Amino acid sequence: MPDAFDPSPSDRFTFGLWTVGNRGADPFGLPVRPAMTPLQLVQGLGRIGAWGVNLHDNDLVPFGATAPERDRIVTEFARAVADAGMCVPMATTNLFSHPVFRDGAFTSSDPRVRAFAVQKAMQGIELGVELGARTIVFWGGREGAETDACRDPRDAIAWYRECLNVLCHWTRSQGWDLRFALEAKPNEPRGDIYLPTTGHMLHFIQTLDHPQMCGVNPEVAHETMAGLNFLHAVAQAMECGKLFHVDLNAQRIGKFDQDLRFGSEDLKGAFFLVRMLEGCSGRPAYEGPRHFDAHAYRTEDPDGVWDFARGCMRTYKVLAAKARAFDADPEVRAIIAGNAFADEPLGCAAMLSATQGAGASRIRALALDPDSIAARGHRYERLDQLAMEHLMGVRG
Ligand code: GCO
Ligand code: MN
Ligand code: MN
């Protein structure tokens, strides 16, 4: 039965070929589902209302394919994407599966590996451009170490920078208006991965030759694995205009990278995330694709894969509706407004935001009484309970 939460292309939901194409293999077990071809995956995604499909080079073109093979595969795929009324907004390069990357790609101590990685990334970018992608994701899964006896991490970071600089310069020299989105992860498959969180990436970007074309692709699971608050990572990226892409899924703290159906763990975290991405509290919304980097439980057959994908999108839409209701709730608005003290008589906010130190001398001279200020509670218990009641469906 279709309802208001059924996805449609206008929601701009995207999935990677590797997500719905995941066959359920894990380090302890073989694949449990039959392979679906990229064409079948695109058709399936089109049927369930997705807007776009993303890919790694080797999700589509096998490693080592000849140029004519590659061209035939890409032409056929582009036709299937168009026939399904879909698009390819993001492309990325597999710099982790082949044994040549066993000790890193851009951070390998072997300059031949670094050159090969850059060359493969160039081909991945060419593929993305051919398919119409505007965002190129870089996930450095193998950029890390099990033992720090192997290299000085300062060299690794400098080599990472060099490789990205080459790719930025080259992309610009081709005249392509692309954005690079760097994706952090703390560990897995390496014991430790360099630049392990979105915050690390945000600083690293500022050290590149073309920081303006580089941003981040934070993933729920990755920040959660590190025990961090995903919303805060996304907020920091949005606040500095660097949220170029987002990987939505679900994860429990302290576990391996689970890549669960969006919202299936930490529902409250997912609620506040959707609220922020959708701009429900009146702030600018995230404008990029809502991308799911997750996969179905290993228990599922192919029908279960589509249940999984529909579930990601439906949960997102349900949470967006709940978030809008939360922000429209007069009691919620009153508590939030009460904590912002817009009419506070001393005018502290204006002094604090005055530039050039104009407010500083006034602040230095202010008579503030911390005890009386501290006497007031914030009513966050009530506010959180209101969020919970909206989420549990008994309010709004
Ligand atoms: C992972 C990563 C990957 C990347 C993908 C796109 O933990 O395996 O999240 O799924 O997002 O390689 O770059
Ligand atoms: Mn990811
Ligand atoms: Mn991941």
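Is H222 buried or exposed? In this predicted model, H222 is buried, because its relative accessible area is 2% and a residue counts as buried under 20%.

**The manganese site**

H222 belongs to the donor set of the manganese ion (ligand 3), which is coordinated by E219 through OE, by H222 through NE2 and by D257 through OD, at 2.2 to 2.8 Å. Read along the chain, these donors follow the spacing E-x2-H-x34-D. Two of them link distant parts of the chain, since H222 sits in helix α8 (residues 220-225) and D257 in the loop between β9 (247-248) and α10 (267-277), the pair being 35 residues apart. Like H222, with its relative accessible area of 2%, D257 is buried, with a value of 10%. E219 has a further role in the geometry of the site, as E219 bridges the manganese ion (ligand 3) and the manganese ion (ligand 2), and these two ions lie 3.8 Å apart.

**Accessibility of selected residues**

The following table sets out the relative accessible areas of four residues discussed in this report.

| Residue | Relative accessible area | Class |
|---|---|---|
| H222 | 2% | buried |
| D329 | 6% | buried |
| D257 | 10% | buried |
| H98 | 32% | partly exposed |

**The chain as a whole**

The protein chain contains 16 helices and 10 strands. Its radius of gyration is 23 Å, close to the 21 Å that the globule rule gives for 396 residues, so the chain is as compact as a globular protein of that length. Along the principal axes, the C-alpha trace spans about 75 × 55 × 40 Å. Buried residues make up 45% of the 396 residues, while the accessible surface of the protein chain comes to about 19,400 Å², with 54% of that surface belonging to carbon and sulfur atoms. Among contacts between residues at least 6 apart in sequence, 77% join residues at least 24 apart.

**The sheet**

Eight strands form an open sheet with parallel pairing, in the order β8-β6-β4-β3-β2-β1-β10-β9. The edge strands are β8 (214-216) and β9, each of which pairs on one side only. At the β8 edge, strand β6 (residues 179-183) and β8 pair in the parallel sense over 3 bridges, and A181 stands opposite G215 in β8. Strands of a sheet in general pair through backbone hydrogen bonds, either parallel or antiparallel.

**Two loop residues**

H98 lies in the loop between β3 (90-92) and α5 (111-131), and H98 counts as partly exposed because its relative accessibility is 32%. A polar atom of the H98 side chain lies 2.9 Å from the backbone nitrogen of V100. H98 and E389 are 291 residues apart in sequence, and their C-alpha atoms are 49 Å apart in space.

D329 is placed in the loop between α11 (302-328) and α12 (330-340). In contrast to the partly exposed H98, D329 is buried, with a relative accessible area of 6%. Leaving aside its neighbours within four places in sequence, D329 is in contact with H390 and R395. With R395 there is also a polar contact, in which the side chains of D329 and R395 are joined at 2.6 Å.

Definitions and conventions:
Residues are numbered from 1 along each chain as its sequence is written. Chains are lettered from A and ligands numbered from 1 in the order in which they are written. This is a predicted model: local features need pLDDT of at least 70, side-chain atom pairs count only at pLDDT 80 or more; totals for chains, interfaces and linings use all residues. Side-chain values use heavy atoms; hydrogens and water are left out. Helices (H or I, at least four residues) and strands (E, at least two) are DSSP runs, numbered from the N terminus. Buried means under 20% relative accessible area, exposed over 50%, partly exposed in between (1.4 Å probe, protein chains only). A polar contact is a pair of N or O atoms within 3.5 Å; within protein, one must be able to donate a hydrogen and the other to accept it, and residues adjacent in sequence count only if both atoms are side-chain atoms. Donors are N, O and S atoms within 2.8 Å of the metal (3.2 Å for Na, K and Ca); water is not among the atoms, so sites may look incomplete. The radius of gyration is taken over C-alpha atoms; the globule rule is 2.2 Å times the number of residues to the power 0.38. Contact means heavy atoms within 4.5 Å. Accessible areas come from the Shrake-Rupley method with a 1.4 Å probe; for residues, only the protein chains shown count as cover. Two strands pair if DSSP finds at least two bridges between them.
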